[in-house]
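Here is a short briefing on pockets, one buried charged residue and the nonpolar cores. Keep the structure open as you read.

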Amino acid sequence: MEERGAEKTKINLDAPWGMTWLDENHLLITQKSGQIFMVNTQNYSQTAIKHNIPSIQYGQGGMLDIISEENNVLVTCSIEKDGKHTTAIYHAELSGDSLINEKKIYEALPYIKSPYHFGSRLELKGDYLYASIGERGEGMIAQDPTNSIGTITRIHKNGDTPDDNPYVDNPNWLPEIYQIGVRNPQGMSLDPVSEDIFISNHGPKGGDFIGPVLAGTNYGWKQIGWGGTNYSGTKVGDGNAWEPGVLKPDFIWVPSIGVGGIKFYQGNAFPEWQNSLLVGSLKFEYLSVLHRQNNQFIEEKVIFKNEIGRVRDIEINSKGEIFLIADEFDSSLYVLRPN
């Protein structure tokens, strides 16, 4: 263990889910309940942001991830129609303490009557917006390219579909699909070394993984279980961890750790972690660092455990200090600084 502890701030949060830097000293933080807060990280004041995004807290869903560029804000959340739910993305503009001009730019189809596996993280790369969409507990639906359930989608920041998406000219595939075969990807981060986006993904009973988002690839769910089994103990598919033609993850946990938010580290506060991957565990309530050698993940070291609860999301400021939220009620914002 790296033997470092996280400092609790005076911020009050209940089941927070996503964070993004608005500027050098301000974070936007979502709560599953639908609330969004702006937090000043200099004096730890907390301002509620008004909005009209129709997020519905239902099962594992609610107000989920958030990402911003200046006053442009993108959020992902679960929404409801006719008693069913899906994951949707909204664009809005921040004006003072309010989001204005909210517009739904994407919804994963179909809507499904299930409280499980909404995903959902967002990541920007240039003008492209990547979003992780969970398979809603429906298994093999993640192998059906006529829907966007259990996929990584790629759209432009205004919601348009890029002309260079891998299946844009294939009438049998949805054009926004970039990658298929994921179960419940709840972490996403741009690798500063390879410039690939990486996801974390929940396996079933075993089989959590980290892997890249590569155009036109398939992680294989639910043909394969990445070394895990169904919760009943039965095999996933033929029981194979992976098969020919399926993208192999870069790092797999058996048993599962309940992998949550991830973030590639860049900063001066912890130079020994430079370009390594910070990983939050929901199940075992730890923050770890996945060290790399020759661009391969080789070793996981736990930084702290059982201190703040279920580590949900990770952000890093310009000093390299690490900000954390935990998916817990009566929680807070936490900061990891050098000793």
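**Pockets, a buried glutamate and two cores**

S6 gives the largest share of the lining of the largest pocket, five residues. This is a predicted model. The notes below cover the two largest pockets, then Glu321, then the nonpolar cores.

**Largest pocket**

- The space in the largest pocket comes to about 540 Å³.
- Its lining has 26 residues, and Ile67, Glu123, Ser189, Lys263 and Glu315 are the closest to its centre.
- Six strands each supply at least two lining residues: S2 (16–23), S6 (63–69), S10 (119–125), S14 (187–190), S19 (259–264) and S23 (311–316).
- By residue class, the lining of the largest pocket holds 13 nonpolar, six polar and seven charged residues.

**Second largest pocket**

- The volume of the second largest pocket is about 380 Å³.
- It is lined by 22 residues; the closest to its centre are Gln60, His202, Tyr231, Gly258 and Leu282.
- The lining of the second largest pocket divides into five nonpolar, nine polar and eight charged residues.

**Glu321**

- Look for Glu321 in the loop between strands S23 and S24 (322–326).
- Is Glu321 buried or exposed? Its relative accessibility is 12%, so Glu321 counts as buried, the cut-off being under 20%.
- Which side chains make polar contacts with that of Glu321? The Asn317 side chain does so at 2.8 Å, and the Arg337 side chain at 3.1 Å.
- Neighbours within four places in sequence aside, Glu321 is in contact with Ala269, Glu315, Ile316, Val335, Leu336 and Arg337.
- Two of these names recur elsewhere: Glu315 is among the residues closest to the centre of the largest pocket, and Leu336 is among those with the most contacts inside the largest nonpolar core.

**Nonpolar cores**

- In soluble globular proteins, nonpolar side chains tend to be buried together.
- How many residues are in the largest nonpolar core? It has 19, and those with the most contacts inside it are Trp273, Leu278, Leu287, Ile322, Leu324 and Leu336.
- Strands S21 (286–293), S22 (296–305), S23, S24 and S25 (333–336) each give two or more residues to this core.
- Another core lies apart from it, with 18 residues, including Met38, Ile49, Ile79 and Ala88.
- Strand S23 links the topics: it supplies at least two lining residues to the largest pocket, gives two or more residues to the largest core, and borders the loop that holds Glu321.

Methods. Residues are numbered from 1 along each chain as its sequence is written. This is a predicted model: local features need pLDDT of at least 70, side-chain atom pairs count only at pLDDT 80 or more; totals for chains, interfaces and linings use all residues. Side-chain values use heavy atoms; hydrogens and water are left out. On a 1 Å grid over the protein atoms alone, a cavity is a set of points where a 1.4 Å probe fits but cannot get out, and a pocket is an open set with protein on both sides within 12 Å along at least five of seven lines; lining residues have an atom within 4 Å of a point. Grid points are joined across faces, edges and corners, and a volume is the space filled by probe spheres set on the points. Helices (H or I, at least four residues) and strands (E, at least two) are DSSP runs, numbered from the N terminus. Ala, Val, Leu, Ile, Met, Phe, Trp, Tyr, Cys and Pro count as nonpolar, Asp, Glu, Lys and Arg as charged, and the others, Gly among them, as polar. Buried means under 20% relative accessible area, exposed over 50%, partly exposed in between (1.4 Å probe, protein chains only). A polar contact is a pair of N or O atoms within 3.5 Å; within protein, one must be able to donate a hydrogen and the other to accept it, and residues adjacent in sequence count only if both atoms are side-chain atoms. Contact means heavy atoms within 4.5 Å. A nonpolar core is a set of buried Ala, Val, Leu, Ile, Met, Phe, Trp, Tyr and Cys residues joined through side-chain atoms within 4.5 Å.
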